[in-house]
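Good morning, and thank you for making time for this item. I shall take the structure on the screen element by element and give each criterion as it arises.

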Amino acid sequence: MEFTIQHTDNETKARVGQLKTDHGVIETPIFMPVGTLGSVKGVHQHELKEDIKAQIILGNTYHLYLRPGIDILEKAGGLHQFNGWDRPILTDSGGFQVFSLAHRRKITEEGVTFAAHTDGSKHLFTPENVMDIQRTIGADIIMAFDECTPYPCEYNYAKKSMQLTHRWLKRCWDRFHQTNPKYGYEQALFPIVQGSVYKDLRKQSAEVIAQYDSVGNAIGGLSVGEPHEDMYEMTDIVTDILPKSKPRYLMGVGTPANLLECIALGIDMFDCVLPTRNARHGLIYTSKGKINIKNAKWKDDFSPLDADASNPTSRFYSKAYVRHLFQSGELLGPQITSIHNLAFFLDLVRQARERIQDGTFLSWKNTMVPILDQKL
RNA sequence: GGGGGUGCGCCGGAGUUGGAGAGCCGGGCCAGACUGUAAAUCUGGUGUCUAUGACUGAAUAGGUUCGAGUCCUAUCACCCCCA
């Protein structure tokens, strides 16, 4: 797997690059739709390709391990075969679930014991078996098993947790290199920077992660409720330390404005549930701002969801119609808005790539951010 | 024509043995939230007003009572039975 930087912005830390995988090329900066259970909720694979133009999607180790189970995924020949997505896939390790399902888990040096949310059964995740599981799922990019600290987080806990994540990373790395891909294509392991909102911890963690000979690196533990300024500050510190020649993946981010700000800070890859979850809840992002399509004000607005969108779905259906679908509980409503939001996010990063290449990124970003944040 | 029953919120339901209703549950409606997805979810609001407080309100009009959504009379509407 190879990452090449094609263009670097003069005014910001933004770059345009390409990550070549055995399932195709990923043009960065990129947004990766989240498909936790092997499905981007409400969206067909062909829609992801043709309408949304997704280049890579996510899966989740914790969820896929519980359902359908790794035995099924192995029989299927890996997740690509199972869900019919033949472009790159990235799996999260379950580190986030360790944090979000905190009331059911126990963290030890060895790993994490937890009760499955599905049936209460007890399981143990270790750095080693999480590598094995991700070998079996077969994503192109797999993530180190980390602990994602909550916000707020005491300094001492953040430090201990970060150190544990570092020790786990070493074990992940060793296991990963002692094992081979199962399905004949290359996999890459991305380490994860932690350290909560503490500058010295983020710096330390980034320095540890930078020492690994990985294809790419990730920044975790952000977008967990901290102020945007903290998120930007931590990202800024970390991207100064992580190797410039490797893609940086900011996990779990974010809003359209977050994406542009973090691209400016040198981030190349993003994933977030926001476009799909908010789509199901009636919030759509447009080139003119956010819209709650359920609001009564749209009931007789027959203009398209977003006339400026590059995808036909957003231009075809009217606000009034989609509001009606939501009012009526019709499944087509969330399907349309999910396509729309994902396509909007992919459009946004594509425009960012173009702006970086033609040298107008910073001014464009500064114009766009307030527009993207406003509510229509 | 005679007899019986039921009437309060936008709708449905519950409840009120004469004792503090702007007031229970559900729906609808109106908003808000959502950031490596236990989320097609969750939260709030939904009589009026000059609004941290007031006012009006149990089909309508009277009456009994210290006190009426509850009891009485008349009227109206709807439902059931008889002719």
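**Strands, sheets, helices and the RNA surface**

Phe114 in β8 stands opposite His123 in β9. Strands here, and helices likewise, are DSSP runs numbered from the N terminus, with E over at least two residues for a strand and H or I over at least four for a helix. Before I continue, a word on the source: this is a predicted model, in which local features need pLDDT of at least 70 and side-chain atom pairs count only at pLDDT 80 or more, whereas totals for chains, interfaces and linings use all residues. Residues are numbered from 1 along each chain as its sequence is written, chains are lettered from A, and ligands are numbered from 1 in the order in which they are written.

To return to the pair just named, β8 and β9 (residues 122–125) are antiparallel and share 4 bridges; two strands count as paired if DSSP finds at least two bridges between them. The two form a hairpin with 6 residues in between, and Gly120 in that turn has a positive phi of about 80 degrees. On its other pairing, β8 is joined to β7 (residues 105–107) by 3 antiparallel bridges, with Lys106 as the bridge partner of Thr113. The hairpin from β7 to β8 passes through 4 residues.

Which residues of β8 (residues 112–115) point to the buried face? They are Val112 and Phe114, while Thr113 and Ala115 point to the other face and are not buried. Buried means 20 or more other C-beta atoms within 10 Å of the residue's own, exposed means 12 or fewer, and partly exposed lies in between, with C-beta atoms placed from the backbone. In general, side chains of a regular strand alternate between the two faces of the sheet.

I turn to the parallel sheets. One is an open sheet of 5 strands in the order β4-β15-β14-β13-β12. Its edge strands are β4 (30–33) and β12 (192–193), each pairing on one side only. Within this sheet, β14 (residues 248–250) and β15 (residues 269–272) run parallel and are joined by 2 bridges, with Leu250 partnered by Phe270.

Another open sheet has 4 strands, ordered β5-β6-β10-β11 and paired in parallel. Because β5 and β11 (188–190) stand at the edges with a single partner strand each, one side of each is left without a neighbour in the sheet. Neighbouring strands of this sheet are turned by 25 degrees against each other on average, direction ignored; the axes are lines fitted to C-alpha atoms, for helices over the stretch in contact, and angles run from 0 to 180 degrees between N-to-C directions. Here 2 bridges connect β6 (residues 89–92) to β10 (residues 141–143), and Thr91 faces Ile142.

Next, the RNA. Which residues are closest to RNA strand B? They are Cys148, Ser223, Gly252, Gly254 and Val273, out of 44 that surround the strand; a residue is near if its C-beta atom, placed from the backbone, lies within 6 Å. The elements giving two or more residues to this surface are β5 (57–60), α5 (95–100), β15 and α11 (274–280). Of these, α11 gives the most, with 5 residues.

Now the helices. Helix α14 (residues 332–358) has 27 residues and should span 39 Å at 1.5 Å a residue, and its end C-alpha atoms are 38 Å apart, which agrees. The expected span is 1.5 Å times one less than the number of residues. Since 20 of its 27 residues are buried, α14 is largely enclosed by the rest of the structure. Just after α14, Gly359 takes a positive phi of about 80 degrees.

Helix α15 (residues 361–373) follows with 13 residues, reaching 18 Å from first C-alpha to last, close to the 18 Å expected. Its buried residues are Phe361, Lys365 and Leu372. Their cover includes α10 (256–264), β17 (289–292) and α14, where contact means C-beta atoms, placed from the backbone, within 7 Å. The strand β17 pairs with β16 (residues 283–286) in the antiparallel sense over 4 bridges, Leu283 stands opposite Asn292, and a hairpin of 2 residues joins the two strands.

Finally, is Asp71 buried or exposed? Asp71, in helix α3 (residues 70–76), is exposed, with 9 other C-beta atoms within 10 Å.

Notes. Two residues are in contact if their C-beta atoms, placed from the backbone, lie within 7 Å.
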